[in-house]
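Q: Hey, can you walk me through this one? I'd like to go bit by bit.

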Amino acid sequence: MDLFVFDEAYFLRLRDRDPLTESHFVAYFSELLQIKLRARFIPSHAIDDIKQETFVRVLKAVRSDSGIREPERLGAFVNSVCNNVRMEFYRSSSRTEQTDERTPDPPDQTVDLEGFLVTQQTCAQVRRILRQLPAKDKRLLRALFLEEKDKDEICREFGVDREYFRVLLHRAKQSFREMYQKGSQAAGGKALLFAFLLYMEG
Amino acid sequence: MNHSDAVRLKAAEQYLLGEMSGPLRDEFEEHFMGCAECAADVRAGAAFVESTRAVLRLDPSLAADPATQRVSSGWFAAILRPAIAAPALLVLLAIAGYQGIVTIPRMKAQLARADAPRTLPEFSLLAANSRGETPVVVAVQPDQPFALFLDIRPDPAFSVYTCEVEDASGRPAFSLQVPAGEAKNTVQIFVPGSRLTPGPYVMVVRGIAAPQGARGGGVEVMRSHFSFEYLK
């Protein structure tokens with residue numbers, strides 16, 4: 001996924017609708033926008049709509065004469081557009097009618113190991129990391145991420161401070177990241193190769 | 001925020017732990033959208049958190065409390081005699097059977113529903129006010145979490161706001177603090193399932209000039225009425 005750098009050349013390829021660059025752009029920012037919007041408890045269907053609208057507006061700006069002037073600020077621009085679309089979503093939500101009894105119930109979701117960011121591979125990596133952690137740290141991660149206990153309560157229960165959480169997550173993440181990035185690059189390389197072959201055929 | 005700041009603050013970790021809010025969170029988001037290194041950090045961290053959640057949900061034994069056993073003679077050995085241990089064992093088996101057949105499957109189903117990705121019903125208190133107009137109706141399934149949106153008119157006199165939901169008798173159902181920086185934008189509040197029971201409520205927002213920690217005080221700045229009910 002990191003085969004492209006957001007420089008002038010990238011910006012020009014994006015402007016000129018190069019399919020590989022466009023695919024990379026959407027894939028790269030799609031994950032980051034998903035993480036950003038989920039952190040604000042925005043419903044899934046709204047996240048997809050906000051992402052779509054963000055990409056439409058950014059690409060329109062990239063391809064307009066009066067659009068982006070600093071290609072190296074492309075990421076910040078995407079973030080800014082997403083914030084605007086998100087605020088529009090909040091305002092339009094306040095004007096819509098409340099849910100009524102005729103609205104169908106949301107589908108009951110079971111564990112989805114193939115969902116966003118979670119794959120069989122990432123779960124296997126996490127299991128390896130968890131087995132190497134002391135019992136206390138394993139229980140702490142469970143309290144944090146599965147039981148979602150109040151952090152102050154966890155601090156009292158485990159006799160740690162907030163910095164301990166950050167260091168624990170940092171170390172576990174560093175172990176995970178190396179394996180994760182190798183897997184992502186392999187998957188990303190395959191995706192880009194496939195897109196390239198389609199492009200050549202077309 | 002630049003990359004050095006992000007590393008020094010352990011910004012990715014704070015962000016993923018939900019410890020960032022307001023301007024700092026906005027700054028970090030703007031930064032990692034443009035910094036490949038921090039973006040990779042956030043992506044990997046989010047994948048780790050989501051995958052850890054999934055793994056522990058499916059295999060709780062990975063993070064179970066370590067079993068500790070101490071066997072001693074004397075009274076402990078005495079209760080292990082068959083005359084005492086056998087009936088005790090039967091009772092334990094009956095309890096374990098009930099838990100295994102009824103309680104644990106129900107709890108697992110609740111946990112799976114609670115942790116699975118799902119839509120979140122949201123209700124806006126933006127238009128609700130204190131003049132007694134028809135209140136907002138918050139209608140959800142039992143135990144279903146939901147979100148409430150409200151706008152707090154910022155006042156430089158206050159450093160923090162408390163948002164307290166009170167029932168018809170004035171008893172607080174829950175309360176949380178909103179830093180003044182967050183109050184500049186529409187505030188969204190995540191309400192866990194089963195926190196409220198059906199009935200009328202009012203969201204009372206109070207501004208506090210003192211440092212965080214002040215309880216029971218503050219100046220009321222707004223109140224929004226709503227009623228809570230279960231969808232049939």
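Q: So what does the secondary structure of chain B come to?
A: Six helices and eight strands. Both are DSSP runs, numbered from the N terminus: helices are H or I with at least four residues, strands are E with at least two. This is a predicted model, where local features need pLDDT of at least 70, side-chain atom pairs count only at pLDDT 80 or more, and totals for chains, interfaces and linings use all residues. Residues are numbered from 1 along each chain as its sequence is written, chains are lettered from A in the order in which they are written, and side-chain values use heavy atoms, leaving out hydrogens and water.

Q: And what pattern does chain B follow along the sequence?
A: α-α-α-α-α-α-β-β-β-β-β-β-β-β.

Q: Switching topic: how many residues of each chain are in contact?
A: 69 residues of chain A are in contact with 64 of chain B, contact meaning heavy atoms within 4.5 Å.

Q: How many salt bridges cross that interface?
A: The rule finds 14 between chain A and chain B; it asks for a side-chain nitrogen of Lys or Arg within 4 Å of a carboxyl oxygen of Asp or Glu. B:R43 and A:E31 form a salt bridge through their side chains, at 3.3 Å from N to O.

Q: Which helix gives the largest share of chain A's side?
A: That's α8(A), with 14 residues of the side that touches chain B.

Q: What is A:F25 in contact with, leaving aside neighbours within four places in sequence?
A: Its partners include A:Y10, A:L14, A:F55 and A:L74.
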